[in-house]
Amino acid sequence: MTKKYVIGVDLGGTKIAAGLATKTGKIINELEILTEAKEGHKEVINRIIESIYAVAGKKIKQVGKIGVGAPGTVDYKEGRVLYPPNLPGWKEINLRDLLKKEFHVPVYVDNDANCAALAEAKFGAGQNISNFVYVTISTGIGGGIVINKKIYRGTIGAAGEIGHISIQREGKTCSCGQIGHFEGLAAGGAINQQYGVSPIEVHEAAQRKKRWAFKIINELADTIGLGFANIVNILNPELIIVGGGISNMGELLLQPIRFALRKYALPLPYSSVKIVRAKLGTKAGLKGAIALCLK
Ligand SMILES: [Zn+2]
């Protein structure tokens, strides 16, 4: 690639973030606009195109590649965004071809959690680690699997749906409509539902040493440890990197997760895995979209 720059776009249900970066991944300009998802896919795609022109400015002719992180399942090989739950009206849209037609450069489209995992691999907690699993716990739970330093996407791009690990035969309905999934039991939404407090309130109360908060954290950590045990037993990763809003609790949450993991996982994969916090915070998605262009 002779052109000097790449562009990453993090497409979310609420916001579109775009970044202009050098070929080493250093962001030199970035912006954020509202997605206006309710306006439908054509309008959202126009907004993505506008955000790319705006963030590149006069450097647009020096942009050699574009990477996009999109919600839901993405067919990476074909560049198609399948059925993103938070983008109404989107159905198997070939975002790659649409952007290629406009900008005439290679375009890569991947799932946003895969992008965040890739960003942690290139710039964050997963640097120099061959095998790890990235798990983001916020309103929902998402994930990305890195095997031999590459994202494992599965047959159609649907791998890494860690939020939908089935850990109960009965119980709460998950956002996907099934019962007993990890996300329905351990994500931020589940905490709100079950305890009537937000994860931020729990964190603040724990910092003030409130006992009820520790009780919630321990119950939550036990469920997360159970979910992680499934990952650890199957993949034997070196790290599980925990991102998303709930990871802001840091060691308050990670330490009891380790205890729970010990209880539920097999001894050998348990003893060889570390549970660590993600390093890139809310920028992981954008940095990962940029990282798609850097291989
Ligand atoms: Zn589910």
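Colleague: What makes you say that strand β1 (residues 5-11) is largely enclosed by the rest of the structure?

Modeller: Seven of the seven residues of β1 are buried, so the strand is largely enclosed by its surroundings. A residue is called buried if 20 or more other C-beta atoms lie within 10 Å of its own, exposed if 12 or fewer, and partly exposed in between, with the C-beta atoms placed from the backbone. This is a predicted model, in which local features need pLDDT of at least 70 and side-chain atom pairs count only at pLDDT 80 or more, while totals for chains, interfaces and linings use all residues. Residues are numbered from 1 along each chain as its sequence is written.

Colleague: Which residues show that both faces of β1 are covered?

Modeller: In a regular strand the side chains alternate between the two faces of the sheet. On one side of β1, Tyr5, Ile7, Val9 and Leu11 are buried, and on the other side Val6, Gly8 and Asp10 are buried as well.

Colleague: Why are β1 and β2 called strands, and what makes them a pair?

Modeller: A strand is a DSSP run of E with at least two residues, a helix is a run of H or I with at least four, and both are numbered from the N terminus. Two strands pair if DSSP finds at least two bridges between them. Strand β2 (residues 15-22) shares seven bridges with β1, in the antiparallel sense, and therefore meets that condition. Among these contacts, Asp10 has Ala17 of β2 as its bridge partner, and a hairpin of three residues joins the two strands. On strand β4 (residues 63-70), six bridges join it to β1 in the parallel sense, with Val9 standing opposite Val68.

Colleague: Why are β11 and β13 described as standing at the edges of their sheet?

Modeller: The sheet is open, and its five strands follow the order β11-β10-β9-β12-β13 with mixed pairing. β11 (150-151) and β13 (274-277) each have a single partner strand, so one side of each is left without a neighbour in the sheet. Within this sheet, β9 (residues 132-137) and β10 (residues 141-147) run antiparallel and are joined by six bridges, and Phe132 stands opposite Val146 of β10.

Colleague: Why is helix α3 called roughly perpendicular to helix α10?

Modeller: Helix α3 (residues 112-123) and helix α10 (residues 284-291) pack at an angle of about 80°, with their axes 7 Å apart. Angles under 35 degrees count as roughly parallel, over 145 as roughly antiparallel, 65 to 115 as roughly perpendicular and the rest as oblique, so α3 is roughly perpendicular to α10. The axes are lines fitted to C-alpha atoms, for helices over the stretch in contact, and angles run from 0 to 180 degrees between N-to-C directions. Residues that meet across this packing include Cys115, Leu118 and Phe123 in α3 and Ala284, Lys287 and Ala291 in α10, where contact means C-beta atoms, placed from the backbone, within 7 Å.

Colleague: How do you know whether Glu251, Lys149 and Lys209 are exposed or partly exposed?

Modeller: Glu251 lies in helix α8 (residues 251-264) and has 10 C-beta neighbours inside 10 Å, so Glu251 counts as exposed. Lys209 sits in the loop between α6 (199-207) and α7 (211-235), and with 8 such neighbours inside 10 Å, Lys209 is exposed too. Lys149, in the loop between β10 and β11, has 14 other C-beta atoms within 10 Å and is therefore partly exposed.

Colleague: What makes the backbone of Lys149 and of Lys209 worth a remark?

Modeller: Lys149 has a positive phi of about 65° although it is not a glycine, and Lys209 likewise has a positive phi of about 65° without being a glycine.

Colleague: How do you know what the radius of gyration of the chain agrees with?

Modeller: The radius of gyration is taken over C-alpha atoms, and the globule rule is 2.2 Å times the number of residues to the power 0.38. For 295 residues a compact globule would have a value near 19 Å, and the chain has 19 Å, which agrees. Buried residues make up 45% of the 295 residues.

Note on methods. Contact = placed C-beta atoms within 7 Å.
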